[in-house]
Amino acid sequence: MHRLTQPLTVAALALALLAAGIAAWAGWSWYGAAHDDTAGYAAARDDALEAGEQAVQNLNTLDHDKLEPGLDLWETSTTGDLHSQLLKGRAAFTEQVRSAKTVSTAKVLSGAVTELDERAGRARVMVALRVTVRASGQKATDKDSRMLGELTRTDGHWKLSALGQAPVGSTATTD
C-alpha cells in the first residue's frame with residue numbers, strides 16, 4: 001500500500017505546483033493588461049477617428065431645404081478657428097446655398113488617425129469620402145476627395161478645429 005500512495009502524493013504535489021504556476025501566470029497577465037496603456041490609447045484613437053469621420057461627413061453634407069439644421073450640425077461638429085469662420089460666414093453661405101438650391105451628401109470611404117496626443121487633447125485624421133452634389137434641375141455628380149482634419153477635445157468630445165484638402169499626387173518639383 002505504501003508504494004501506491006507515494007506516486008499519488010507526487011502526482012498531487014505536481015498538480016498543485018502546476019496550478020500555482022498557472023495562477024501566478026494568470027495574475028501577472030491580468031496585472032499587466034490592467035496597467036497597460038495600449039488599450040487606453042487604442043480606445044482614444046478609435047474615439048478620435050469616429051468623431052473625425054463623422055465631423056468631416058457632417059461638414060460635407062448639406063441640403064438647401066434643411067439648411068438651418070444642417071448648418072447647426074456644422075457648428076456643433078467644430079471648435080476653435082474653424083467654428084468661428086463658420087459662424088462669421090453663415091449668412092453669406094446661407095444665401096449662396098439657397099440660390100443654388102444644392103443638396104450635397106457625403107459618405108466616408110475610409111479614415112485614419114495620423115497623429116494623436118491624448119494628453120494635449122489633439123489629433124489629426126485623414127478621411128477619404130465621396131461627395132454627391134445635386135443642383136436643382138441638374139444631374140448629380142460624385143467627387144472623391146481626401147480631407148485632412150485637426151481635432152481638439154472639448155468637454156470630453158472630439159471636434160474639428162481645422163479642415164482642408166489633402167494633397168494628391170507628387171508634390172516634388174524639378175528644376
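Hi everyone. When I say that two residues touch, I mean that they have heavy atoms within 4.5 Å of each other. Please also keep in mind that this is a predicted model.

Let's start with G52, which touches V125, V127 and L151, leaving aside residues up to four places away in sequence. Where does G52 sit? You'll find G52 in helix 2, which covers residues 37–59. Is G52 buried or exposed? G52 counts as buried, because its relative accessibility is 0% and the cut-off for buried is under 20%. There is also a partner from much further along to look at: G52 and K159 are 107 residues apart along the chain, and their C-alpha atoms are separated by 7.2 Å.

Now let's turn to a pair of strands. Strand 4 takes in residues 141–154 and strand 5 takes in residues 157–165, and the two pair in the antiparallel sense over eight bridges. If you want a spot to zoom in on, L148 stands opposite G164 in strand 5. The hairpin these strands form has two residues between them, and D155 in that hairpin takes a positive phi near 50°. As background, in a regular strand the side chains alternate between the two faces of the sheet.

Last stop, helix 1. This helix runs over residues 2–34, and L18 is found in it. Is L18 buried or exposed? L18 is exposed, because its relative accessible area is 51% and exposed means over 50%. Together with L15 and I22, L18 makes a nonpolar surface patch of about 320 Å².

Thanks for listening, everyone!

Conventions: Residues numbered from 1 in each chain as written. Predicted model: local features only at pLDDT ≥ 70, side-chain atom pairs only at ≥ 80, totals over all residues. Heavy atoms only, no water. Patch = residues over 30% accessible without salt bridge, like charges linked within 9 Å, V, L, I, M, F, W, Y side chains within 5 Å. Areas by Shrake-Rupley, 256 points an atom, 1.4 Å probe, with all protein chains shown as cover. Salt bridge = Lys/Arg side-chain N within 4 Å of Asp/Glu carboxyl O. Helix = DSSP H or I, 4+ residues; strand = E, 2+ residues; numbered from the N terminus. Buried < 20%, exposed > 50% of the residue type's maximum accessible area, 1.4 Å probe, protein only. Pairing = 2+ DSSP bridges.
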